[in-house]
Amino acid sequence: MTDTLRMQTGKTVLDVRNLNLTFGRGDNALHALDHVSLSVQQGEILSLVGESGCGKSATMMAILGLLPKRAATVRADAIRLGETDLAGASQRQLRRIRGNRIGMIFQDPMTSLNPVHTVGFQIGEAVREHRGASRAEARHQALRMLDLVRIPDPARRLDAYPHELSGGMRQRVMIAMALVCEPELLIADEPTTALDVTVQAQIMALVDELRVEMGMSVVLITHDLGVVAATADRVAVMYAGRIVEEGPVEQVFRRPSHGYTAGLMRSLPLDGQVHQGRLQEIPGSVPRLGEAAPNCAFAPRCVFAKPRCAAEVPLPTDLGGGHAARCFEHSAVFADLADNDIVRAWQ
Amino acid sequence: MMEALLQIDGVSREFPVGRHATGQPRHLVRAVDGVDLSLAPGETLGLVGESGCGKSTLARIMMALDHPTRGAVRFGGAPWSGLTARELKSRRGRIQMIFQDPVASLNPRMTARACIAEPLINFSGLNRHAIALRVAELAAQVGLSDHHLDRFAHELSGGQCQRVGIARAIAAEPDVLIADEPVSALDVSIQAQILNLLLDIKQRMGLAMVFVSHDLSVVRHVADRTAVMYLGRIVETGPSEQVFSDPQHPYTQMLLNSVPHPLPAARHRKPEVRGELPSPLSPPSGCHFRTRCPIAIETCAVEVPVCGPVGAVHRAACLRLGEETGRDRLNG
Amino acid sequence: MALTETETKIQAHGTRSRRRNPTLESLAQAAREPWTIICVLILLGFLAMAVLSPMLAGDPLAINPAYRLKPPSLEMIWGTDHLGRDVFARAMNGARMSLTVGVAVALLSAIPGVAIGIFAAMNRTGGALVMRVIDAMMAIPAVLLAIALAALLQPGLLTLIIAISIPEIPRMVRLVRSVVLSVREQPYVDAAVSVGTGGFALVRRHILPNTIAPVIVQATYAAASAIIASAVLSFLGVGTPPDVPSWGGMMADARKFFQFYPMLMVYPGALLSLLVLVTNVLGDRLSDALDPRKIARSI
């Protein structure tokens with residue numbers, strides 16, 4: 001079923017190689033991202049999963065050139081959008097790409113919309129900015145977009161202000177704004193975290209439908225494995241500034257191979273996951289930026305950790321089929337999870 | 001049935017919205033609309049629903065942080081709503097609350113130690129030294145070590161702050177613990193820790209607990225009994241297992257159906273969610289859910305459904321209960 | 001417990017060892033900035049001027065008609081005024097009045113302002129009444145009030161301070177009330193009420209400590225504007241009596257001779273401007289240092 005929905009042509013839309021991000025300089029420098037490599041194919045949804053401060057949003061900010069130059073140092077072997085090099089692009093070139101070739105939606109649809117302009121004006125703004133459209137053309141485009149994101153009675157909503165719309169409607173407007181220039185890539189940063197589960201279901205279904213209709217690629221940043229399972233094609237799990245596991249969704253759920261991924265799956269309160277009334281917890285706390293353990297950052301919290309994990313940086317191990325994990329103990333992790341309900345369901 | 005510890009009878013809470021020049025409210029929003037609920041000793045009651053359904057207002061009323069505009073709350077057989085501040089103060093220790101935002105629920109200018117000591121200063125009548133010992137004891141119970149105690153909220157992680165909040169709530173040795181979305185602001189890897197801690201404490205102290213959450217999987221795991229709320233009303237209530245495995249109200253079915261489980265069956269599935277949440281300023285007549293309900297009939301617009309029995313203790317507020325609607329019952 | 005062990009392990013990776021009160025930390029950081037240091041030094045200079053003026057300079061009141069309007073000399077380094085008084089001694093002594101007025105007005109507006117503001121925010125019906133009175137007070141122009149008070153009461157330093165403080169109080173009340181109203185909505189206040197804290201203890205433990213920072217900043221600005229107001233009133237002749245040296249009074253005296261002896265105006269004027277400037281700059285610094293967002297970032 002998934003494969004019929006996927007329309008990959010093998011064309012790489014976003015390619016990031018060895019992205020490193022440091023805040024500050026000298027002794028006080030904090031390493032926020034460490035050798036992050038990503039690639040997104042055309043028509044694909046890549047999900048970036050992780051907890052607060054793991055660097056999933058910072059990765060996207062670095063790619064988009066949205067980090068303050070003075071505070072942040074970005075180094076990368078390559079950041080490419082199609083044929084365009086983003087790493088070497090000037091701020092001016094980046095401005096022409098953002099909102100045009102890359103659309104963005106954020107967690108909080110209320111603060112991301114300007115309260116003093118109508119939604120029609122805000123949706124049309126990007127077309128006028130990037131395509132030099134006239135006011136009438138922009139309005140026409142905005143109407144088309146509102147219809148596309150399934151807002152009922154779009155002609156009337158065109159002149160509504162953000163506060164007149166519900167949370168779900170606002171997020172639809174955000175999506176309309178992001179897609180009005182028909183971008184190759186949509187970056188959705190926790191698009192449904194602030195929304196209720198019924199609204200979340202509607203919004204995620206909409207994103208999924210639109211990527212098929214428009215043939216675009218999506219990077220979906222989330223912390224919810226359920227959302228990943230429902231919508232993504234590939235998943236990259238991040239922990240403390242590194243991608244610790246990456247692969248096609250089916251493979252990662254079928255064979256979780258990093259202690260952190262495994263811990264997340266085991267801690268979910270699904271039926272049958274519970275042992276004597278207790279959930280299986282991941283001990284310890286999420287490390288703050290710059291306070292992560294060296295080498296394998298997850299080692300202090302990992303039940304599978306061996307002395308080697310604290311002594312060496314684990315490099316990605318290829319597990320076949322585009323699935324890789326930065327874990328020395330990946331076999332032990334998987335063996336331990338073989339009877340997990342989620343893993344079993346995916347076999 | 002056992003004597004109820006907390007008894008809620010026909011409780012409504014209306015909030016004025018906007019004001020005319022005369023000072024009269026322009027609209028009344030009924031955040032809680034005629035709710036009946038009871039909590040037995042040692043029981044965990046789950047309260048689920050989406051934002052704006054009134055579950056947090058109801059929790060605040062149970063905590064006597066807010067007052068019902070109609071109806072009454074009784075606690076341990078005595079009136080609990082409509083008391084004066086003085087009458088309340090001495091009895092507050094018996095119901096305690098854990099808040100949604102763990103960091104913001106701690107005074108930014110107080111150390112963790114001072115936060116945990118506060119209920120002891122108010123209720124225990126212990127001297128300084130005894131309080132210090134008790135704080136250390138409580139901290140150990142919630143898994144905080146001594147060096148955490150001298151820190152301020154922003155120096156602790158979200159999970160640690162919530163541990164402080166739990167220690168503060170159990171310091172007065174309450175009978176009832178009200179947990180208002182206690183894990184929704186926490187990182188996924190921390191949620192299980194805090195849930196386990198809450199369950200341990202509940203077990204050890206024999207507490208009754210009201211667990212308010214929008215996360216259905218969590219409520220299913222934690223609660224013995226679950227009440228589902230929609231636009232201020234309780235639409236379904238019953239033993240959690242029954243509510244989750246055999247939901248009777250179409251709203252409960254829709255809600256359960258839209259939870260994304262990390263299972264292959266969820267992949268690219270179309271959700272069966274219809275329409276939008278109506279404005280609480282002007283909820284639909286009759287059954288509030290009828291505008292989004294796949295099995296609504298004309299009478300739904302006229303008649304307000306009462307919470308009728310499905311099984312022995314399972315009740316749902318739907319006019320078409322028990323009818324053959326030609327629709328497969330969906331479950332999560 | 002295994003959990004705390006792991007946490008301790010993770011904690012060991014942390015770099016900070018010493019943890020202090022975040023507000024003090026932020027203030028200490030602000031105190032290390034060069035501009036703050038310069039301003040504090042200048043302010044200390046004014047304080048020294050006020051305290052040590054009898055020792056540093058001659059008698060500010062001694063009249064010597066034979067030595068009128070003299071240029072600077074070794075003995076009287078800023079020369080003499082139209083009554084032959086030592087301008088330097090008068091300028092030094094004038095710092096006393098300005099600083100007294102500044103500090104007194106800051107305190108006299110902050111203390112009642114905080115009390116009334118908290119009352120207005122915590123008490124629904126009484127609060128509404130208080131706020132209408134405060135609104136009425138806002139309508140009184142400070143200078144007119146001072147002139148009226150000076151006419152009614154004995155003119156003098158105390159009258160001056162009261163006259164300047166009264167119009168400052170409503171501003172403080174409004175500030176405190178709005179801050180308390182937002183503090184009251186914070187979850188930690190609900191939490192405190194839940195654990196049985198109420199009434200005075202609630203205000204003292206939870207409301208006041210989280211309200212005080214903007215009050216300190218506002219009091220600094222009140223001090224600066226009070227110093228100017230006192231100079232204006234002295235200049236108009238409704239402030240302190242002529243025998244008390246003040247910068248405003250000196251400038252009023254110098255007005256008649258401005259064309260020929262402009263320095264008589266420049267000395268007190270420059271001191272006044274400098275004092276007001278450093279007070280305002282320090283207020284800004286405080287305001288930055290006590291900003292909760294800044295405090296959160298500094299740790």
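Let me start with helix H7 of chain C, residues 157-184, in what is a predicted model. This helix has 28 residues, and from its first C-alpha to its last it reaches 39 Å. At 1.5 Å a residue one would expect 40 Å, so the span is close to that. H7(C) does bend, by about 30°, at C:Ile166. A proline, C:Pro167, follows within four residues of that point.

Next, the sheet in chain B. It is an open sheet of 8 strands with mixed pairing. Reading across, the order is E6-E7-E8-E3-E9-E10-E12-E11. Strand E6, 95-98, and strand E11, 308-309, are the edges, each pairing on one side only. On the E6 side, E6(B) runs parallel to strand E7, residues 176-180, and 4 bridges join the two. Within that pair, B:Ile98 stands opposite B:Ala179.

Helix H1 of chain B, residues 55-62, packs on this sheet. The strands that H1 touches are E3 (44-48), E6, E7, E8 (208-213) and E9 (225-230). The direction of H1 makes about 155° with that of E8(B).

Last, the contact between chains B and A. Here 36 residues of chain B are in contact with 41 residues of chain A. Which elements give two or more residues to the chain B side? They are four helices of chain B: H5 (158-171), H6 (188-205), H7 (216-222) and H9 (250-257). H6(B) gives the most, with 8 residues. By residue class, the side of chain B that touches chain A divides into 17 nonpolar, 13 polar and 6 charged.

How values were computed. Residues numbered from 1 in each chain as written. Chains lettered and ligands numbered in written order. Predicted model: local features only at pLDDT ≥ 70, side-chain atom pairs only at ≥ 80, totals over all residues. Bend = angle between axes of the 7 residues up to and from the residue. Pairing = 2+ DSSP bridges. Contact = placed C-beta atoms within 7 Å. Axes fitted to C-alpha atoms, helices over the stretch in contact; angles between N-to-C directions. Nonpolar A, V, L, I, M, F, W, Y, C, P; charged D, E, K, R; others polar.
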